[in-house]
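Biologist: Pick one part of this model and take me through it up close, please. Then carry on from there into the rest of the fold.

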Amino acid sequence: MINITKEWVNVKEIIKIYGLSRPTVTNLLKKFKSMPKYKNSYTDLGYRTKKFELAAVKEFMLFMNHSHLKGE
């Protein structure tokens, strides 16, 4: 069940927040969606209606940064 009181962002907002290109964000979000931990942290109702929980995205980006620094 999705909690509607959390802050949700779309792909365009993630691009603005992190200053990344659309292809980079798209690739990262594919990894995000493939992880069971984040199963309830996004909605995908169509091309223009994808929403992601901001706190989960921030956590995922920190995880990816940590993984990158460790060379994984």
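**A close look**

Modeller: Let's begin with Lys37, whose side chain makes a polar contact of 2.4 Å with the side chain of Glu59. A polar contact here is a pair of N or O atoms within 3.5 Å; within protein, one has to be able to donate a hydrogen and the other to accept it, and residues adjacent in sequence count only if both atoms are side-chain atoms. Bear in mind that this is a predicted model, so local features need pLDDT of at least 70 and side-chain atom pairs pLDDT 80 or more, while totals for chains, interfaces and linings use all residues. Residues are numbered from 1 along each chain as its sequence is written, and side-chain values use heavy atoms, with hydrogens and water left out.

Lys37 counts as exposed because its relative accessibility is 60%; the cut-offs are over 50% for exposed, under 20% for buried and partly exposed in between (1.4 Å probe, protein chains only). Phe60 sits 23 residues from Lys37 along the chain, with 9.8 Å between their C-alpha atoms.

As for its place in the fold, Lys37 is in the loop between α2 and β2. Helices (H or I, at least four residues) and strands (E, at least two) are DSSP runs, numbered from the N terminus. Before that loop, α2 (residues 22-34) lies across β2 and β3, at about 70 degrees to β3. That angle is between N-to-C directions, on a scale from 0 to 180 degrees, with axes fitted to C-alpha atoms, for helices over the stretch in contact; contact means heavy atoms within 4.5 Å.

After the loop comes the sheet: three strands, open, in the order β1-β3-β2, with antiparallel pairing. The edge strands, each paired on one side only, are β1 (8-9) and β2 (42-44). Strands count as paired if DSSP finds at least two bridges between them, and β1 has two to β3 (residues 50-53). Val9 stands opposite Phe52 there.

Further back, α1 (residues 11-18) buries Val11, Ile14 and Ile15. Those three are on the same side of α1 because they cover an arc of only 100 degrees around the axis, taken from the directions from the helix axis to the C-beta atoms. Lys12 and Lys16 are exposed on the face turned away from that buried side. Just after α1, Gly19 has a positive phi of about 65 degrees.

Overall, the elements run β-α-α-β-β-α from the N terminus, and 29% of the 72 residues are buried.
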